[in-house]
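Here is a short briefing on how two chains meet. Look at the structure first, then read on.

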2 protein chains.
Amino acid sequence: MIVDVSKKILIVGLGLLGGSYAKALRRFGFHISAVTLEQSSIDYALREHIIDEGTTELDVNMIGEADLVIFALYPHVFVDWIEKNQGLLKSGALITDVTGIKRSIVYRIQDMLRPDVEFIAAHPMAGREVSGVENSTDKMFIGANYIVTPTEKNTPEAIQTCMELGRLLGFSNVTTLSPEEHDEMIGFLSQLTHCIAVTLMVCNDKENMEKFTGDSFRDLTRIARINDLMWSELFVDNKDILLEQMNLFIDKFIELKTMLEAEDIAGMRAMMRHSTERRALFDKQ
Amino acid sequence: MIVDVSKKILIVGLGLLGGSYAKALRRFGFHISAVTLEQSSIDYALREHIIDEGTTELDVNMIGEADLVIFALYPHVFVDWIEKNQGLLKSGALITDVTGIKRSIVYRIQDMLRPDVEFIAAHPMAGREVSGVENSTDKMFIGANYIVTPTEKNTPEAIQTCMELGRLLGFSNVTTLSPEEHDEMIGFLSQLTHCIAVTLMVCNDKENMEKFTGDSFRDLTRIARINDLMWSELFVDNKDILLEQMNLFIDKFIELKTMLEAEDIAGMRAMMRHSTERRALFDKQ
């Protein structure tokens, strides 16, 4: 479906990600419309020619004409929207999302959705420490991962279309995982990482440290500038897995601390060599 | 003293840092010699014209002629060198170092040193994830901090000379701290940060995660590629302070975990806002 540029795309939620999607898809000539909360976001997007039309209202025609609807909303806002407004969607429409957790969203949406509309979930693993459509850029998809999380309810066609969307957006790696696998991966790679950065940033309030810091501390706390509303929701939605990952981290950290207490140089060196070896796998290809 | 380019500089230990010092100081026309373990390092440095002469031996003339000696060695190797070879130093010479911890080094060296030689300690807060003179570059000093850690035994002239050395090397910020203040700062900003990166890298050995990772995880683990010999020694040399910082981190991390368990969204958001606010202080100016 996607390759046919006569199809209409609607983006619900025109923020950093929604705007970046619009910018990326614009290049192919799709008709792009947007529904979002703030008129200023619509004004910006129209001025920059990244959408064809946009509104802050529930525009029945705009929603009813869209063949592909991309929801770039907070998890609970997405669920609310579907509950209240799914009647407005076009019959045969395909809907997708950008939500950072999957188990708690995908099954709920698929269970409540009209049978003539299909939801195929996806997580674009890209972001910035700023928000809003004004900061959107399709460059953030370069080198990044796009994960499609199909379930048994999804058709092969929808999965293919969603993977093609990821490639059109410019993601370097497009893959599939089950919602469960996705949440486990994200619990470790992204959520635990944010928990650590936030903790490091607030655990020592000594003054004037910024004058003496090097790149290491800056790297570890870049993501400590965090959207508290969104991330607290994502953490709670993936609570069981995130708690498990936090415990794994605490156990290892205490293991290192115990070795330091005992001045167990050989033990610390073994852990560091393991770390060095594993880190090599994560170099950008 | 430093501004007088007729003075001779000797670098003991021609690795990543020693080589980078040579490259930076070379631009001003100083006579630079080097004593190091490997002949290949000397060969490289001579070929690249970053030193005037070099040797793997304890060359009595070379050491005895140097007005400024820079020790770029592991902490215990530096202490051993001074114990064994300080008799070779020129009367009136100034010596400095690059050691990443200070309390355990500065007083020991100053206490054992001949009265006609002065040791002024410094910590260039710059590094790379690679080692060896072949990877040296004076570019790594741009935007970085150079911390001089004088004691009561130091003369104002030596402190000034060492600060001037930091500026000549190209460091963006040159400051002084007491050895105690330095070790507390470094225990948090650098050592704790490395402990966290190493722990994160080894706490979950699930396969294939590199296929799904984003920039956050890469940023937090960049320094998990670590020189295990050097860092285990630095950790033990700053053990009391580092353990204290590790405990501060664990306490806060468990606080966050407890809030997540209780789904205390307000509490998590408050911590994240604190984190966001504090991180702004650490943006590069």
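In this predicted model, B:Leu220 is the residue of chain B that comes closest to the rotation axis, with its C-alpha at 2.3 Å. The points below cover the symmetry, then the contact between chain B and chain A.

**Symmetry**
- A turn of 180° with a shift of 0.0 Å along the axis lays chain B on chain A, at an RMSD of 0.0 Å.
- The two copies are thus related as by a two-fold rotation axis.
- The copies meet through the same surface, because 100% of the interface residues of chain B are also interface residues in chain A.

**Extent of the contact**
- Chain B gives 82 residues to the contact, and chain A gives 82 residues.
- About 9000 Å² is buried between chain B and chain A, with 68% of it on carbon and sulfur atoms.
- B:Phe212, B:Phe253 and B:Arg279 supply 9% of the area that chain B buries against chain A, more than any other three residues.

**Polar and charged pairs**
- Chain B and chain A share 14 salt bridges.
- One of them joins B:Glu263 to A:Lys239, with the closest N and O atoms 3.2 Å apart.
- Between the chains, 44 residue pairs are in polar contact, both residues being at pLDDT 80 or more.

**Elements and residue classes**
- On the side of chain B that touches chain A, the elements giving two or more residues are β8 (145–148), α7 (179–202), α8 (215–221), α9 (228–237), α10 (239–261) and α11 (265–281).
- α10(B) gives the most to this side, with 16 residues.
- By class, this side of chain B has 43 nonpolar, 16 polar and 23 charged residues.

Conventions: Residues are numbered from 1 along each chain as its sequence is written. Chains are lettered from A and ligands numbered from 1 in the order in which they are written. This is a predicted model: local features need pLDDT of at least 70, side-chain atom pairs count only at pLDDT 80 or more; totals for chains, interfaces and linings use all residues. Side-chain values use heavy atoms; hydrogens and water are left out. Copies are superposed by least squares on the C-alpha atoms of residues with pLDDT of at least 70 in both. Contact means heavy atoms within 4.5 Å. Buried area is the accessible area (1.4 Å probe) that two parts lose on being put together, summed over both. A salt bridge is a side-chain nitrogen of Lys or Arg within 4 Å of a carboxyl oxygen of Asp or Glu. A polar contact is a pair of N or O atoms within 3.5 Å; within protein, one must be able to donate a hydrogen and the other to accept it, and residues adjacent in sequence count only if both atoms are side-chain atoms. Helices (H or I, at least four residues) and strands (E, at least two) are DSSP runs, numbered from the N terminus. Ala, Val, Leu, Ile, Met, Phe, Trp, Tyr, Cys and Pro count as nonpolar, Asp, Glu, Lys and Arg as charged, and the others, Gly among them, as polar.
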